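Here are some short exercises to work through with the viewer open. Try each task before you read its solution.

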Amino acid sequence: MRRTLTALLMLFLPALASAAEPPAEGTAAPAFSLPDQAGKTHALADYAGRWLVLYFYPKDDTPGCTTEACNFRDDIVRIRRLGAEVVGVSVDDVASHADFAAKHKLPFPLLADEGGKVAASYGALRDLMVMKMAKRQTYIIDPKGRIAHRYLEVDPKTHAAAVVADLERLQQAGD
């Protein structure tokens, strides 16, 4: 049993070690261009001049991801009143996103990062060689395209409320 665990650890360590570092606050947000659940392409440049909540999540229609998405849905009016938009990203495909968004009536884009390239550029890709998935991380991107705040550990139950509070704080601070 110990040999098997050691072999598995040796197999997965290189993939985990090669993960990119998440972009630091104050730096330019990595560009992206991905299709949403309706097949429409969204790019970072589309959100220039507005606040963007870009959240990465592991898998459509799983308990934590559903909780997080539905909390963003429930807070979307408050978020938009703050001049921000919400965009979710996972490595699931467009069809999976379409089903998930329809089932939970999500009023924001879910981007299909099937190869994991965008998640990797944000340091949010867990590449287990046989499977890839996004880590649960979020970035608030300011109207100038810079990382204003990042969440590298997220509690799906309280995250949307924390994002709203931080958007209010960032805007009051004049960021």
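**Aromatic pairs**

The model is predicted, and the ring-pair rule finds 7 aromatic pairs in it.

**Exercise 1.** Classify the pair formed by the rings of Phe 56 and Tyr 122, and work out which parts it ties together.

*Solution.* Step one is the distance: the ring centres of Phe 56 and Tyr 122 are 5.3 Å apart, and the cut-off for a pair is 6.5 Å. Step two is the angle: the planes stand at 45°, so this pair is tilted. Step three is location: Phe 56 belongs to strand β3, while Tyr 122 sits in the loop between α5 (117-121) and β6 (125-127), so the pair joins parts 66 residues apart in sequence. To finish, note that both Phe 56 and Tyr 122 are buried.

**Exercise 2.** Do the same for Tyr 57 and Phe 100: what kind of pair do they form, and are the two residues buried or exposed?

*Solution.* The centres of Tyr 57 and Phe 100 are 6.1 Å apart with 40° between the planes, which makes a tilted pair. Tyr 57 is in the loop between β3 and α2 and Phe 100 is in helix α4, so parts 43 residues apart in sequence are tied together. For burial, the limit is under 20% relative accessible area. Tyr 57 has 0% relative accessibility and therefore counts as buried; Phe 100, at 2%, is buried too. Both rings also belong to a cluster linked by ring pairs, together with Tyr 55, Phe 72 and Phe 108.

**Strand β4 and the core**

**Exercise 3.** Decide how far β4 is enclosed, and find the strands that pair with it.

*Solution.* Start with the count: 7 of the 7 residues of β4 are buried, so the rest of the structure largely encloses this strand. Next, sort the side chains: Ala 84, Val 86, Gly 88 and Ser 90 point one way, and Glu 85, Val 87 and Val 89 point the other. Then look at the partners. β3 pairs with β4 in the parallel sense over 6 bridges, with Leu 54 bridged to Val 87. Strand β5 (residues 110-112) is also parallel to β4, over 3 bridges, and there Ala 112 stands opposite Ser 90.

**Exercise 4.** Which residues have the most contacts inside the largest nonpolar core, and which helix gives the most to that core?

*Solution.* The core has 26 residues, and those with the most contacts inside it are Tyr 55, Phe 72, Val 86, Phe 108, Leu 110, Ile 140 and Leu 167. The helix is α6, which gives 5 residues. Apart from this core lies another of 21 residues, including Leu 34 and Tyr 122.

Conventions. Residues numbered from 1 in each chain as written. Predicted model: local features only at pLDDT ≥ 70, side-chain atom pairs only at ≥ 80, totals over all residues. Heavy atoms only, no water. Core = buried A, V, L, I, M, F, W, Y, C linked by side-chain atoms within 4.5 Å. Buried < 20%, exposed > 50% of the residue type's maximum accessible area, 1.4 Å probe, protein only. Helix = DSSP H or I, 4+ residues; strand = E, 2+ residues; numbered from the N terminus. Phe/Tyr/Trp six-rings, centres within 6.5 Å; stacked < 30°, edge-to-face > 60°. Pairing = 2+ DSSP bridges.
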